[in-house]
Amino acid sequence: MTTDSIEAADRLAANRLAGIRAAMGRTASLTGRTADDITLIAVSKTQAADAIRPLIAAGQRVFGENRVQEAESKWPALRDEHDGLQLHLVGQLQSNKAADAVALFDVIHSLDRPSLLTALARAMDAADRRVPCFVQVNIGAEPQKGGCPIADVPALIRSAREAGIPLLGLMCVPPADIEPAPFFALLAKMAREEGLEGLSMGMSGDYETAIMLGATHIRVGTALFGERPAARPTPGSGRGMIRNSRAK
Ligand SMILES: *Cc1c(COP(=O)(O)O)cnc(C)c1O
């Protein structure tokens, strides 16, 4: 990249980040909180390192990826360049990648089944590293989606506690193209009932609604990076594009 294009990319990233932080602050204040009470996870899946650096330059430190291998190919180098970066896994995790995920990520948002719980507990013991997790809930009971069935969530939480996996809270991706608020409210109710404080919910098109309903972590891709490169479609991308019309 030329110096000019780096400067333009830096300005665009700084503007987008400032816009989202301002919206977070306005919405958080309605619930007696501030933008700093909410963790903004910049979801950088499919984005090249050159697209990520401007956001780091603008001060963003928390990032999310949805594939272990892709994260392994991008983040060790970026972490060498910058101290204090935090990496969250927001996508489905195969049990055979549990050890790699424990080594690379600071938070895992997709603990959703007993077999993965066992693999993660084993990997954390082996690495002597506790990675805090969210239990992902299949809040819309969609067969094609990851997430623990609602009825199985209490047992999964109990097993995680018994296995010594630190739990931050619950995570969901509500069904596309319908009003997400009832799903966010249901997730918040489930978390309260389980004594969990964290709520990972809200993406580019609906993060303000999620904050109104108590989100502690929002996962924002398109509104920070622009549309994802089309070459590598990901499960979340269609939804992001449809719901993004409002978010800039
Ligand atoms: C891609 C993705 C996001 C970000 O989606 P945008 O609509 O681009 O903000 C958030 N959460 C998960 C689980 C994702 O896969």
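A residue counts as buried here if 20 or more other C-beta atoms lie within 10 Å of its own. With that in hand, take a look at strand β4, residues 107–111, in this predicted model. The strand is mostly covered, with five of its five residues buried. Its partner is β3, residues 86–89: two bridges join the pair, and the strands run parallel. To find your way from one to the other, look for L89, which stands opposite I108 in β4.

From there, step to the nonpolar core. The largest one holds 64 residues, and V135, L170, L187 and V220 are those with the most contacts inside it. That sort of gathering fits a broad trend: in soluble globular proteins, nonpolar side chains tend to be buried together. V135 is a handy place to stop and look around. Setting aside residues up to four places away in sequence, V135 touches L111, D112, C148, V153, L156, I157, A160, L167, L170 and M171. One of those, L111, belongs to the strand we started with, β4 (residues 107–111). Another, L170, is itself on the list of residues with the most contacts inside the core.

L187, also on that list, takes us to helix α7. This helix covers residues 181–194, and at 1.5 Å a residue its 14 residues should span 20 Å; the end C-alpha atoms are indeed 20 Å apart, so the two agree. Which residues of α7 are buried? They are F183, F184, L187, M190 and A191. Looking down the helix axis, you'd find them within an arc of 125°, so they line one face of α7. The spacing makes sense, because an α-helix has 3.6 residues a turn, and residues three or four places apart therefore point the same way. And what sits over that face? The cover for the buried residues includes α6 (153–162), β6 (167–171), β7 (198–200) and α8 (207–212).

The two sides of α7 are worth a glance too. Right after the helix comes G195, with a positive phi near 70°. In the loop between β6 and α7 sits D177, which has a positive phi of about 70° although it is not a glycine. D177 has 10 other C-beta atoms within 10 Å, so it is exposed. D128 also has a positive phi without being a glycine, in this case about 50°. Look for D128 in the loop between α5 (114–127) and β5 (133–136); with 6 C-beta neighbours inside 10 Å, this residue counts as exposed.

Now for a loop residue of another kind. K45 lies between β1 (39–43) and α2 (49–57). Is K45 buried or exposed? It has 22 C-beta neighbours inside 10 Å, so it counts as buried. An unreviewed UniProt entry annotates K45 as a modified residue, N6-(pyridoxal phosphate)lysine. UniProt also has an unreviewed domain annotation, "Alanine racemase N-terminal", for residues 37–229. Over that stretch the chain is 40% helix and 18% strand, and its end C-alpha atoms are 31 Å apart.

Last stop: helix α1, residues 3–30, where you'll find L17. L17 is buried, because 20 other C-beta atoms lie within 10 Å. Leaving aside neighbours within four places in sequence, L17 is in contact with L55, A58, Q60 and L224. The C-alpha atoms of L17 and G59 are separated by 8.8 Å, though the two residues are 42 residues apart along the chain.

Key
Residues numbered from 1 in each chain as written. Predicted model: local features only at pLDDT ≥ 70, side-chain atom pairs only at ≥ 80, totals over all residues. Helix = DSSP H or I, 4+ residues; strand = E, 2+ residues; numbered from the N terminus. Expected span 1.5 Å × (residues − 1). Buried ≥ 20, exposed ≤ 12 C-beta atoms within 10 Å, placed from the backbone. Arc of directions from axis to C-beta. Contact = placed C-beta atoms within 7 Å. UniProt positions renumbered as here; feature names shortened; annotations may be inferred. Core = buried A, V, L, I, M, F, W, Y, C linked by C-beta atoms within 7 Å. Pairing = 2+ DSSP bridges.
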